Amino acid sequence: MIDLSAFPITKKWPAQHPDWIQLYSLPTPNGVKVSIMLEETGLPYEPHRVGFDTRDQMSPEFLSLSPNNKIPAILDPDGPDGRPLPLFESGAILIYLADKAGQFMPQDMAGRYETIQWLMFQMGGIGPMFGQLGFFNKFAGKDYEDKRPRDRYVAESKRLLGVLDQRLARRAWIMGDAYTIADMATFPWVRNLIGFYEAGDLVGIANFSNVMRVLDTFLARPAVARGLDIPKRV
């Protein structure tokens, strides 16, 4: 039996299967990137719900693993050299899991770095900009009389969607025929923008036909359907 007791996070979320990857997350766009990846690869894992309503993300136990207090985070008991590996930041986790499983990342170096390039496009652009638009459209920002902040993020989200739409023209996925971690990172955010954030009309999502086509294909994958609800909502 693997002993994970040296990691404080296991005191708050005890591992029932300590030899499996431990996932600490919520079904948000960033969180489901990793649950989808785990479902796609078939790597054994145990999900733990980090409740924002109970401020679990600010607990000492969670901060010991994810000092930036953001989900998702993982603890892999069988990391490099057989030693446990704690890891936070969804993009880093996707790269790690792709390498561990030998899946969803091109094996040639040029393809690998091009995939990471599009992963960074999501991490640095789509995620932050769509998130800001969601704030100004649906949450506290919607009450601001000055709509310039919202419109700024509408314009930038449209621009990013245009970049993605052009990339997907005559391509099945971001990297072409191969489904990769770049797609797993990107399309949960597109889904959230037009669903939970209710901003589809604002950005004119119907004008981005390639994005919508690939989003539909993404959502039809059984592993995606499962991963979108992990950890289970309560």
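This is a dialogue between a student and a tutor on reading a predicted model.

Student: Where should I begin, and which element joins strand β1 and strand β2 into a β-α-β unit?

Tutor: Begin with the strands, and bear in mind throughout that the model is predicted. Strand β1, residues 21–25, and strand β2, residues 45–49, run parallel and are joined by five bridges, and within this pairing S25 stands opposite R49 in β2. Helix α2, residues 29–41, makes up the unit together with β1 and β2, and the unit is right-handed.

Student: Is S35 of that helix buried or exposed, and what does S35 touch?

Tutor: A residue is called buried when its relative accessible area is under 20%. S35, which is found in helix α2, has a relative accessible area of 0% and is therefore buried. Not counting residues up to four places away in sequence, S35 touches L23, Y45, G227 and I230.

Student: How should I read a polar side chain such as Q22, and which polar contact joins its side chain to another side chain?

Tutor: Take the burial of such a residue and its polar partners together. Q22 has its place in strand β1 and counts as buried, because its relative accessibility is 0%. The side chains of Q22 and E46 are joined by a polar contact of 3.3 Å, while a polar atom of the Q22 side chain also lies 3.1 Å from the backbone oxygen of W20. Leaving aside neighbours within four places in sequence, the residues in contact with Q22 include L4, H17, H48 and I74.

Student: Turning to helix α6, how can its length be checked, and how far apart are its end C-alpha atoms?

Tutor: The check sets an expected span beside the one found in the model. Helix α6, residues 148–168, has 21 residues, which at 1.5 Å a residue should span 30 Å, and its end C-alpha atoms are 30 Å apart, so the two values agree.

Student: Which residues of α6 are buried, and why are they placed on the same side?

Tutor: An α-helix has 3.6 residues a turn, so residues three or four places apart point the same way. In α6 the buried residues are Y153, V154, S157, L160, L161, L164, D165, R167 and L168. They cover an arc of only 150° around the axis, which puts them on the same side of α6. On the other side of α6, R148, R152 and Q166 are exposed. The buried residues pack against α5 (109–138), α7 (181–194), α8 (200–203) and α9 (209–219).

Student: What of R150, and which residues does R150 touch?

Tutor: R150, found in helix α6, is partly exposed, with a relative accessible area of 22%. Apart from residues up to four places away in sequence, R150 touches L133, F136, N137 and L202. The C-alpha atoms of R150 and Q132 are separated by 8.0 Å, although the two residues are 18 residues apart along the chain.

Student: Which residues are buried in α9, and what covers them?

Tutor: The reading used for α6 can be applied again here. In α9, N210, V211, V214, L215 and F218 are buried. Seen down the axis of α9, these residues fall within an arc of 130°, so they line one face of the helix. Among the elements that cover them are α2, α6, α7 and α10 (222–227).

Student: For the backbone, which residues other than glycine have a positive phi, R55 and R170 being the ones I would like explained?

Tutor: Read the angle first, and then the place and exposure of the residue. R55 has a positive phi near 55°, lies in the loop between β2 and α3, and counts as exposed at 52% relative accessibility. R170 has a positive phi near 65° and is found in the loop between α6 and α7, where R170 counts as exposed at 83% relative accessibility.

Student: Where is the cis peptide bond that joins I71 to its partner, and what is omega for the bond from I230 to P231?

Tutor: Omega is the angle to inspect. The cis peptide bond of I71 joins I71 and P72, with omega about 0°, and P72 has its place in the loop between α3 (60–63) and β3 (73–76). The bond from I230 to P231 is cis, with omega near -10°, and P231 is placed in the segment after α10.

Technical notes
Residues are numbered from 1 along each chain as its sequence is written. This is a predicted model: local features need pLDDT of at least 70, side-chain atom pairs count only at pLDDT 80 or more; totals for chains, interfaces and linings use all residues. Side-chain values use heavy atoms; hydrogens and water are left out. Two strands pair if DSSP finds at least two bridges between them. Helices (H or I, at least four residues) and strands (E, at least two) are DSSP runs, numbered from the N terminus. A crossover is right-handed if, with the strands pointing away from the viewer, the path from the first strand over the helix to the second runs clockwise. Buried means under 20% relative accessible area, exposed over 50%, partly exposed in between (1.4 Å probe, protein chains only). A polar contact is a pair of N or O atoms within 3.5 Å; within protein, one must be able to donate a hydrogen and the other to accept it, and residues adjacent in sequence count only if both atoms are side-chain atoms. Contact means heavy atoms within 4.5 Å. The expected span of a helix is 1.5 Å times one less than its number of residues. The arc is that of the directions from the helix axis to the C-beta atoms.
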